[in-house]
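User: Could you take a close look at the sheet in this model for me? I'd like to know how the strands are arranged and what packs against them.

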Amino acid sequence: MIVTTTPSIEGRKIAEYKGIVFGEVISGVNFIKDFTAGLSNFFGGRSATYEEELMQARANALAELQQRAEALGANAVVGVDVDYEVLGANNGMLMVTASGTAVVVE
C-alpha cells in the first residue's frame with residue numbers, strides 16, 4: 001500500500017476514490033514513564049520515554065489508517081495528515097490521528 005502526504009502519486013493515475021479514512025490512537029503514560037520523563041525535564045535533555053511513546057502511537061495510527069483503506073478496497077492513501085493532541089486532566093494522554101483519502105491507483 002502506498003501512503004503519501006501528497007494529493008497524487010507521481011506516475012500513477014487515481015482510478016477511484018474510496019473515501020476518507022482515519023487511524024486514531026490514544027496512549028497514556030504510566031507513573032514510571034512520567035517520572036523518568038520528569039527527570040529529563042528537570043535535568044535537561046531529550047525524553048527517550050516520551051519519544052518512544054510518540055513513535056509507537058504514530059506507527060499504530062498509520063497502520064490503522066492502512067487497514068481501514070484496505071477494507072474499502074483501496075491500494076493507496078493520499079493526502080495523509082498526522083495530528084497530535086494531549087488530553088486528560090493533567091495532559092497525561094497522547095492522541096495521534098492520521099487521516100487521508102483512500103484511493104485505487106493504476
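Analyst: Here is a walk through the sheet, from its strand order to the cores.

Keep in mind that this is a predicted model. The chain has 2 helices and 4 strands, and along the sequence they come as β-β-α-α-β-β. The 4 strands make an open sheet with mixed pairing, in the order S1-S3-S4-S2. Strands S1 (2–3) and S2 (14–28) are the edges: each has a single partner strand, so one side of each has no neighbour in the sheet.

Start at the S1 edge. S1 runs parallel to S3 (residues 76–87), and the pairing rests on 2 bridges. Val-3 has Val-77 of S3 as its bridge partner. Val-77 is a good residue to follow from here. Leaving out neighbours within four places in sequence, Val-77 is in contact with Met-1, Ile-2, Val-3 and Thr-4, with Gly-100, Thr-101 and Ala-102, and also with Val-21, Leu-65 and Ala-69.

Those last three names come back in the largest nonpolar core, which has 13 residues: Val-21, Leu-65, Ala-69 and Val-77 are the ones with the most contacts inside it. The elements giving two or more residues to this core are S2, helix H2 (48–71), S3 and strand S4 (93–105). Apart from it sits another core, of 6 residues, including Ile-9, Ala-76, Val-78 and Val-103. As background, nonpolar side chains in soluble globular proteins tend to be buried together.

Now over to the other edge strand. Ile-14 belongs to S2, and with a relative accessible area of 18% it counts as buried, because the cut-off is under 20%. Beyond residues up to four places away in sequence, Ile-14 touches Pro-7, Val-78, Val-103, Val-104 and Val-105. Val-105 is a nice case of a long reach in sequence: Ile-14 and Val-105 are 91 residues apart along the chain, yet their C-alpha atoms are 4.4 Å apart.

That kind of pairing fits the chain-wide count. Among contacts between residues at least 6 apart in sequence, 76% join residues at least 24 apart. As for the chain as a whole, buried residues make up 28% of its 106 residues. The chain exposes about 6700 Å², with carbon and sulfur atoms supplying 55% of that area.

Definitions and conventions
Residues numbered from 1 in each chain as written. Predicted model: local features only at pLDDT ≥ 70, side-chain atom pairs only at ≥ 80, totals over all residues. Heavy atoms only, no water. Pairing = 2+ DSSP bridges. Buried < 20%, exposed > 50% of the residue type's maximum accessible area, 1.4 Å probe, protein only. Contact = heavy atoms within 4.5 Å. Areas by Shrake-Rupley, 256 points an atom, 1.4 Å probe, with all protein chains shown as cover. Core = buried A, V, L, I, M, F, W, Y, C linked by side-chain atoms within 4.5 Å.
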